[in-house]
Amino acid sequence: MDPSASRFIWGRRSLCFFLFAVLCLTCVTGCGQALGLLARAIHGDNVDPPCMDMEGKVAVIVRPRASTTYQYGDVSNELARVLNVKIGMGLKNFKKKKREKISLIPHDRIQEYSDGMHAETDFVEIGKAVGADQIVAVDLLGYNHIAGTNVWQGHANVNVQLIDVKTGDIVYQPDSLAEYIYPRNNVVSATDKSEFDFQREYILRLGNYISKQFVPYDRFEVDF
């Protein structure tokens, strides 16, 4: 048989097999889920972050504003800890060559210098003290998780930058990050979840939301 004819036949068989697989998936899972599964197969699960410039020894630092320090003094430190973990977990989704260029400075090491931070604390000075090449610098501009008497809903506004420690230059800064609200369309009663448990969950979600600026994330993940 002519080789070109053989390739044509195999090509048609492959196409038929693919269409058959689509039909089977649609019958078994439904159209929407089938398309989602096919998208994962074709494109993979992860989306690259907006910032692909993170490299070297990186310190994750969260700086509270005066309005958040008084009532929520421990939130910035806990958010920094969570964000360090979330970014660390997300690094594995980079290709090996990129992943090997990044190392995170342990949060406990940074905390030695960031305890008692306030709005005027210099990110770069802390970065130099811990031997960082870059800083994931987060300003916690506003934070609240109390929606009323014994009901919870998290609200946070942040400013995020990637800063080069040696030059002090801003390597990356998104135009703006939307206020992160959770749950977006309702509140959580204290009878369903204690304030402590809700705040812990909200900070975990907020850290995950911010981490998507710097590490690959699941394209089907929704932030609410």
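Two residues are in contact when heavy atoms lie within 4.5 Å. The structure is a predicted model, in which local features need pLDDT of at least 70, side-chain atom pairs count only at pLDDT 80 or more, and totals for chains, interfaces and linings use all residues. Residues are numbered from 1 along each chain as its sequence is written, and side-chain values use heavy atoms, with hydrogens and water left out.

**Exercise 1. The chain as a whole**

Task: Find what share of the contacts with a separation of 6 or more comes from residues 24 or more positions apart, and find where pLDDT is below 50.

Solution:
- Step 1. Residues 24 or more positions apart supply 71% of the contacts in the chain with a separation of 6 or more.
- Step 2. Next, the secondary structure: the chain has eight helices and nine strands. These elements are DSSP runs numbered from the N terminus, helices being H or I with at least four residues and strands being E with at least two.
- Step 3. Of the 224 residues, 38% are buried. Buried means under 20% relative accessible area, exposed means over 50%, and partly exposed lies in between (1.4 Å probe, protein chains only).
- Step 4. Now for confidence. pLDDT is the predictor's confidence in each residue, from 0 to 100. The chain averages 84, and 76% of the residues score at least 70. Residues 3-26 have pLDDT below 50, with 10 contacts in the model beyond near neighbours in sequence. Residues 34-43 also stay under 50, and the model gives them 15 contacts beyond four places in sequence.

**Exercise 2. Following the strand pairs**

Task: Start at strand β2 and work out which strands pair with it, then carry on from β4 to β5.

Solution:
- Step 1. Strand β2 covers residues 56-64, and seven of its nine residues are buried, so the rest of the structure largely encloses it.
- Step 2. Two strands pair if DSSP finds at least two bridges between them. β2 runs parallel to β3 (residues 102-104), joined by three bridges, and Lys 57 stands opposite Ser 103.
- Step 3. β2 also pairs in the parallel sense with β4 (residues 134-148), over seven bridges. Here Val 58 faces Gln 134.
- Step 4. Gln 134 in turn stands opposite Asp 164 in β5. β4 and β5 are antiparallel, with 12 bridges, and form a hairpin with two residues between them; Asn 150 in the turn has a positive phi of about 60 degrees.
- Step 5. From β5, look for further antiparallel partners. Two bridges lead to β8, where Ser 189 is opposite Val 151. Three bridges lead to β7, where Tyr 180 is opposite Ala 156. Two bridges lead to β6 (residues 170-172), and this hairpin has five residues between its strands, with Gly 168 in the turn at a positive phi of about 80 degrees.

**Exercise 3. The rings of β7 and α8**

Task: Find which aromatic pair links Tyr 180 to helix α8, and decide whether Tyr 180 is buried or exposed.

Solution:
- Step 1. Rings of Phe, Tyr and Trp (its six-membered ring) pair if their centres lie within 6.5 Å; planes under 30 degrees apart count as stacked, over 60 as edge-to-face and the rest as tilted. The whole structure has six such pairs.
- Step 2. Tyr 180 and Tyr 202 are stacked, at 5.7 Å centre to centre and 20 degrees between the planes. This pair links strand β7 (residues 180-182) to helix α8 (residues 195-211), 22 residues apart.
- Step 3. Tyr 180 is buried at 3% relative accessible area, and Tyr 202 is buried at 0%.
- Step 4. Tyr 182 and Phe 198 are also stacked, at 6.4 Å and 10 degrees. Both are buried.
- Step 5. Ring pairs join Tyr 143, Tyr 180, Tyr 182, Phe 198, Tyr 202 and Tyr 209 into a cluster.

**Exercise 4. Checking helix α8**

Task: Test the span of α8 at 1.5 Å a residue, and list what Glu 195 touches.

Solution:
- Step 1. The expected span is 1.5 Å times one less than the number of residues. For the 17 residues of α8 that gives 24 Å, and the end C-alpha atoms are 24 Å apart, which agrees.
- Step 2. The buried residues of α8 pack against α4, β4, β5, β7 and β8.
- Step 3. Glu 195 belongs to α8 and is partly exposed, with a relative accessible area of 33%.
- Step 4. Not counting residues up to four places away in sequence, Glu 195 touches His 145, Ile 146 and Trp 152. Glu 195 and His 145 are 50 residues apart in sequence, yet 8.5 Å apart in space, C-alpha to C-alpha.
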